[in-house]
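Biologist: Could you take me through one part of this model closely, namely the place where the two chains meet? I'd like the helices and loops around that part covered as well.

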Number of protein chains: 2
Amino acid sequence: MGLRLLDAGFDLCVWNRSPHKTLPLQQRGARVAQTAAQAVAGADVVLTMLANGPAVNEVLTGGVAQVMPAHALFIDMSSIPPDMARQHAALLGQRGISALDAPVSGGVVGAAAGTLAIMAGGAPEAFERALPVFAALGRATRVGPVGAGALAKLANQMIVGITIGAVAEALLLVEAGGADPAAVRDAIRGGFAESRVLELHGARMLSRNFAPGAHATTQLKDLASALRTAEDEGLELPLTRGVHALYSRFVETGGASLDHSALLLALERLNARER
Amino acid sequence: MGLRLLDAGFDLCVWNRSPHKTLPLQQRGARVAQTAAQAVAGADVVLTMLANGPAVNEVLTGGVAQVMPAHALFIDMSSIPPDMARQHAALLGQRGISALDAPVSGGVVGAAAGTLAIMAGGAPEAFERALPVFAALGRATRVGPVGAGALAKLANQMIVGITIGAVAEALLLVEAGGADPAAVRDAIRGGFAESRVLELHGARMLSRNFAPGAHATTQLKDLASALRTAEDEGLELPLTRGVHALYSRFVETGGASLDHSALLLALERLNARER
C-alpha cells in the first residue's frame, strides 16, 4: 500500500515497529520516522494499518493523537471493532480532526495491485477528502457514518467464514457418501452455489494446502468482534455463532497458524474423520 | 427441458399428472401418453423430473419399473435423497436396467437456456450413454457412483442455504449498527465474500422482493435430506443443522410460499426486528 502511494506521487513518511519493514519504502523515496509521532508531524493525511483495535489505540494514545495537525485527516485501514473506531473518532474529534474507518478486503495481492475493496465509514466530506488516497489503493465505497466501515468489514468476514464452513460441510458429506469431492465442486461451479470461497478456499480444501493465506486466528478475531458487536445491538446471529465456535475450537487445538480454509480439518476432527 | 430435447431432435413421449402441462410439448411435436407406463414403453432413455423422492418412487413402482425396456437407460433428474436414488437403481438393476441420478441446478432460466448444471451419479458407461441427452440440457459432470448425483445436489443446496443465511446475518448486523446495507453489499462485492447468493439473493433482501424464485419449502426439504444423509453417515454438520432450524421455523410460521432468500425475515423475527 505504501508503494502504491509512492507510485501515485504522494510525499510519504512511514513508521513501523519493525524498522526493517520500512526499507523497501525508503529505497523508493519514502522518509522514515523513528517514532509514530514523528511520522504524523505536519501530515495532511495519516494512515494506520495495524493488527487490531488495541494496536491502533496504543499508537493513537501514545502520542499520535496529540501530535497530528488539527487540519489532518485520519484514516484507519486496520480491521478493528466498530465501537473502537467510534472511540478513536471521538478522541480525535476533540481536537477537530476528521476520521474515517476504512478497512479493506483483498489481501496482499489486492494491496499490491491497487485493487483493494475499501469500506469507509465517516462524514461525506471526510470521504471526499480521502478519495485521491483511496484511488491509489483500490475501490472505495462510503458505507455510512464513523464505525460503518468497521461494520462492513465484519459483515465481509462473517460471510467469508460462514461460506468456508458451508463448503467444508458440503465436501465432507459428499466424500463420506462416496462421491468425488473434486468432481462435485466442479459440477456445482457456476450455479447458485458459486462463490469466491468455493473457487479459492474450495481448491485449497481439495489439495489440502492450508499454508496461509489468511490466518484462522484473524478469521476468529473478526468473528469474535462480530459476535460482540451483535450482542451490543441485542442481535442473535446463529450461523455466525456456530462458525465462531468451530474456529474457536480449531484455533485452540493447533489451527492458529493455518489458513482459514483449514476449518475443514476442524469439521473432520469433530467427526473423528482426521486424514 | 422437454422443449430443449425436442429442439435437439429427440423423439419425445411425455407424461404429466397434470395433462395440460404437456400441451406446449404436444404442439412442438411430442407424443403425449395417458399414463407414465405408456410413456416409457419402448423408450431408449427414460427421464423423470418430479417433486421429491416419494413421487419418483410412486411412478417407478406404479408400473414404470416393470414396463421400461431392459435396454433402456433411466435418468432421474429430480432432487431426491441419495439412499432413495440407490434403492431405485437397485430396483431397476434387477431387470438389468442402468440408472443415473442426475439432479440439476440453475432453475427455470437454466432449463430454458440449456445451461443447467447436471450432477450425475452412476456407472461411467451409463454416463457416456446419457451425454447426448445431457448436451441438450446443460453442463453434465459425473460425480461418482449411483447416489453421488443426489449427494452433489444436497451439497449444492447446503452451500446455497448457508450462504443465504450468512448474507442475511451480515445485512442484519450492518443495518442494526447504523451502516447502509446496500452500500455495504456494494463495497464487498468482488472480494472474498462475493457469491452468486450475495449478487442475486442479496439484491432480493435489499429490495425485500421475496416472490419465488425457489421456495423456502424446497430449500427446507433439501436441507432436511442433507441432515438425514449426514446422520446415516454418522456426520455432525453444525452449520447445516443451524440453517435447517432457521428454515424449519420460518416455513412453520408462514414462510412456505416465499423465496428462500426470505430467510432474512426469519432472522428479523428471531431478533424481534420485523419491518
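Modeller: Here is a walk through the chain contact, its symmetry, and the helices and loops around it.

Some housekeeping before that: this is a predicted model, so local features need pLDDT of at least 70 and side-chain atom pairs count only at pLDDT 80 or more, while totals for chains, interfaces and linings use all residues. Residues are numbered from 1 along each chain as its sequence is written, with chains lettered from A and ligands numbered from 1 in the order in which they are written.

On to the contact itself. 65 residues of chain A touch 65 residues of chain B, where contact means that the C-beta atoms, placed from the backbone, lie within 7 Å. On the chain A side, the elements giving two or more residues are β7 (116–121), β8 (138–144), α8 (148–176), α9 (181–188), α10 (196–207), α11 (216–232) and α12 (238–255). Those labels are DSSP runs numbered from the N terminus: helices are H or I with at least four residues, strands are E with at least two. The most comes from α8(A), with 20 residues. By class, the chain A side has 39 nonpolar, 18 polar and 8 charged residues; here Ala, Val, Leu, Ile, Met, Phe, Trp, Tyr, Cys and Pro count as nonpolar, Asp, Glu, Lys and Arg as charged, and the others, Gly among them, as polar.

Now the symmetry. A turn of 180 degrees with a shift of 0.0 Å along the axis lays chain A on chain B with an RMSD of 0.0 Å, using least squares on the C-alpha atoms of residues with pLDDT of at least 70 in both copies. That is the relation of a two-fold axis. Both copies use the same surface, with 100% of the contact residues of chain A recurring in chain B. Of the chain A residues, A:Ser195 comes closest to the rotation axis, its C-alpha at 1.9 Å.

Next, how some of these helices pack within their own chains. In chain B, α8 and α12 pack at about 70 degrees with their axes 10 Å apart; axes are lines fitted to C-alpha atoms, for helices over the stretch in contact, and angles run from 0 to 180 degrees between N-to-C directions. α8(B) and α12(B) are therefore roughly perpendicular, a label that covers 65 to 115 degrees. Their crossing is left-handed, i.e. the near helix is turned anticlockwise from the far one by less than a right angle. B:Met158, B:Gly161, B:Ile162 and B:Gly165 make the contact from α8(B), and B:Leu239, B:Thr240, B:Val243, B:Leu246 and B:Tyr247 from α12(B). That gives 6 nonpolar, 3 polar and no charged residues.

Over in chain A, the axes of α11 and α12 come within 9 Å and cross at roughly 145 degrees, and this crossing is left-handed too. Among the residues that meet are A:Leu220, A:Leu223 and A:Leu227 in α11(A), and A:Val243, A:Tyr247 and A:Val251 in α12(A). This contact divides into 11 nonpolar, 6 polar and 1 charged.

Last, the loop between α10 and α11, which has some backbone details to check. In chain A, A:Gly213 sits in that loop, and the peptide bond leading to A:Gly213 from A:Pro212 is cis, with omega near 10 degrees. A:Arg208 is found in the loop as well, with a positive phi of about 50 degrees although it is not a glycine. In chain B, the bond from B:Pro212 to B:Gly213 is cis, with omega near 10 degrees, and B:Gly213 lies in the loop between α10 and α11 of chain B.

Notes
Two residues are in contact if their C-beta atoms, placed from the backbone, lie within 7 Å. Angles under 35 degrees count as roughly parallel, over 145 as roughly antiparallel, 65 to 115 as roughly perpendicular and the rest as oblique.
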